[in-house]
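Trainee: I've got a structure open and I'd like to learn how to read it. Can we walk through a few features together?

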Amino acid sequence: MSDLRRTENVTDYFGPRARWAAIFVVAVLAVLTVKLLYLQLIHGASYVEQSRSNRIRLLRLPPARGMILDSEGRILAGNKPRFTFSVVRGELEDLPRVLETCSAALGMNPEKMRSLVRRSRSVPRFRTYPIKKNLTLEEVSMIKSRIRNLNGVVLEIKPQRVYPFGESLCHVLGTLGEISADELSKRAEKGYRPGDLVGKSGIEKKYERYLKGVEGWEQIEINARGLQLDSQAIRAPVPGADVVLTIDTSLQRFVEESFVDRAGSVIVVDPDSGRILAMVSKPGFDLNLFSPSITRRQWQDLGSDPLHPLENRSIRGLYSPASTFKIVTAAAALAEHVVTPKTTFTCKGELELAGQRFRCWKPNGHGKISLHRAMVESCDIYFYHLGLKLGGDRIGRYASLFGLGKPTGLELPGELPGLIPTSAWKLRTYGESWKDGETLNLAIGQGYLVSTPIQMAMMAAALANGGKLLHPAIVRQIRAADGRIIYDQVPAVRWKIPLNEEERAVLHDAMIGVVSEKSGTGKNCRIPGIKVAGKTGTSQVIRHRHRPEENMEVPYHERSHAIFVAYVDDMPRKIAVVVVVEHGGGGGKSAAPLARKIICRYYGMPDPGEPQE
C-alpha cells in the first residue's frame, strides 16, 4: 500500500515538469523551422549572392620539372613557361559573351570552343579546365586584355619541357606525354591530375618520381564578378630533382654526326666505372615534337617508318654477335683446357658434319692455324673445332658469364635480355634435341644466339678492366632542388669472369693482333701510338653464297650487319666501344673505321684514316 502511494507522489511531482519540457522542445523546433524557412525562402537568394561575392578559390601550382644534365652540367632537358586558357565552370556566367570575346583572340571556332567548355562538366565545379594550350605570346597579349571583366576564365602558366639538342640522345632522355586514365587511377594519390605530363620512355620515365616535383596551391579570394581581391601562396611548389647523366655531350654529338649510316647503334663506356659516355641509336627523332604534345600525323609518320626511329637499338636491338662472340668461345676453350694457345687445326675452307658442309668465310681456307691467328683472321673452321670440343651448353655457360642473355641493369626502361640457346631451351621451346650443327653455329656467334649492343659493350669493358663485369651506369647523380645529393653513382661489379691472367693475356694479344697485324680483320681501326684491341663481326641476316659486303647489289635489308667491339686499356683513361651498323656488310669495313674515329676523338688525336697497304 505504501509503495502505491510513493508511485502516485512521484507522478504528481514529475508529470507537470515533463509536460513543460515537451512544450519547450516543440517551441524551440518551431522557432528553428520558421527561421530556416525565412532564410531559405525569403533571403536565400541574397545569402547565395553574398557567398558568391566573397569566396576562396584554390589554384593549383604545378612544380617545375627537374632538369636532365650531362656530365659537364649542360642542360639536356629543361623548362620554359607554357600558357593555357582555361575555364572554371562554377564561375562561368555569360558563356555567349566569353565565346564572342575570346574565340577570335584564340583563333578558335566558337562552336568548337563551346564544345570544349561543355566537357568541363567532367571536373569539379571550381577546378580549372584547359580550353587551349600552348598559347603564343601574341595570343597571350590579346587574351589578357579581354578577360579582365569576364567571370570564370583563367590564363594559367605551366612549365613546358624543352630539349636544346633536339634529336641528340632522344632514346636516352625519352619522351613526355599526357597522363592516361589508367596511369591516373594508379597515381592520383601521388598528386597527379588530368592533363599532367608524365615520362613515357627513357630517363623521363625511369626517374619520373624524382623529376616530377611536388605541386603547390595558391589561395585566391575573388568577388561576385570573379575578380581577384587577394592571393596568398599557402604552399609553394617544390621543383623536381635534377638528374645528372654520365654522358659527355661533345663526344655524343661527335658520334652522332660521324654515324652516317641509316641505322644501328654505338656505345662508348668507361671500363673502370661502367659509365656510359655516349649512347647512340639511329635513326632518331626530335624530342621537341613531343613537347608539349605530338600531333596525330607526326606520330603516325614515326610509327610507320620502316627503320623504327622510336626503338632504342642500344638496349632493345637484338643481333647475332657473329664473330665478336669468338672471344667467348676462345675464353671458354682456354678456361676449360680443351686447347692451349699452341693447339692448331687445319682450315680447308669447309668442315663436313653429319652430311652437312659448314664453310669458312675464306673459301680457300687458312691452312694450319693456331688460336692467335684464328682470332686475328677470324677463321670459322678453327672455332667450329672448339665448339665440338666444348659442346653447346658449356659455350652457353661462358656466354652467360660474359653478361650475354640477360639484362645488364642499365637505368633505362625496356631493356631486352637477348638469348643464349641451350639444349634445355631448345627442348622446351621446340620439343627437339640439340644438334651438333647448332653447336657449330653457336661457336661463331650465329644461329639462335642474339645479344644487344649494351651487352657487347659491357663485355668489351670487362676485357679492358681485368675481368670485372660491371653494371652499366648512365645516371651519375640525382640532386634535389635544395642541393641535397639523393644518389651518387659508384661502380657496381656484377661478378668477375673466371679467367686467369695468362688466359686473359692470350685473348688480349689476339685482339691486339686483330687491329695491328697486316692480316687482321680489324686493321681499319689501327691508330699509330695506341694499342687498340678489337674483334670484328659480320652478322648474317639471311644465308648468302658469298659475303654480302663483296656484293653490294644485294638488297639493303638482306645485307649482313657490321659489328665491331674494341677497347684500349693501357692509357690513363681507358675506353670500350661497340659499333653496330645495320646492313653495313663486314664489321671490318663498316664498323671498325667509325670506332677508330671515336677513339681518336676521345684521346684528342688526329684520325689517321684507313691504312694504305
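Trainee: Which residues does I474 touch, leaving out those up to four places away in sequence?

Mentor: Keep in mind that this is a predicted model. I474 touches V172, I203, L245, T246, I247, I276, M279, L410, E411 and L412.

Trainee: How should I read a core, and where does I474 fit in?

Mentor: Here's the general idea: in soluble globular proteins, nonpolar side chains tend to be buried together. In this case the largest nonpolar core has 96 residues, and I474, along with I203 and L245, touches the most other members. Helix α19 (residues 453-464) is the top contributor to that core, giving 10 residues. There is also a second, separate core of 30 residues, with V266, V532, V579 and A591 among them.

Trainee: What about a single helix: which residues of α4 are buried?

Mentor: In α4, which spans residues 110-119, they are M113, L116 and V117. Their arc around the axis is only 100°, so they sit on the same side of α4. The buried residues pack against β3 (75-88), α3 (95-106) and β4 (128-132).

Trainee: And what caps the N-terminal end of α4?

Mentor: That's N109: one of its side-chain oxygens is 2.8 Å from the backbone nitrogen of E111.

Trainee: How do I read empty space?

Mentor: Rolling a probe the size of a water molecule over the atoms shows where empty space is left. Here, the second largest pocket holds about 710 Å³ of space. Its lining has 32 residues, and those nearest its centre are R127, T128, K158, R193 and P194. Elements giving two or more residues to that lining include β3 and β4.

Note on methods
Residues are numbered from 1 along each chain as its sequence is written. This is a predicted model: local features need pLDDT of at least 70, side-chain atom pairs count only at pLDDT 80 or more; totals for chains, interfaces and linings use all residues. Side-chain values use heavy atoms; hydrogens and water are left out. Buried means under 20% relative accessible area, exposed over 50%, partly exposed in between (1.4 Å probe, protein chains only). Helices (H or I, at least four residues) and strands (E, at least two) are DSSP runs, numbered from the N terminus. The arc is that of the directions from the helix axis to the C-beta atoms. Contact means heavy atoms within 4.5 Å. A polar contact is a pair of N or O atoms within 3.5 Å; within protein, one must be able to donate a hydrogen and the other to accept it, and residues adjacent in sequence count only if both atoms are side-chain atoms. A nonpolar core is a set of buried Ala, Val, Leu, Ile, Met, Phe, Trp, Tyr and Cys residues joined through side-chain atoms within 4.5 Å. On a 1 Å grid over the protein atoms alone, a cavity is a set of points where a 1.4 Å probe fits but cannot get out, and a pocket is an open set with protein on both sides within 12 Å along at least five of seven lines; lining residues have an atom within 4 Å of a point. Grid points are joined across faces, edges and corners, and a volume is the space filled by probe spheres set on the points.
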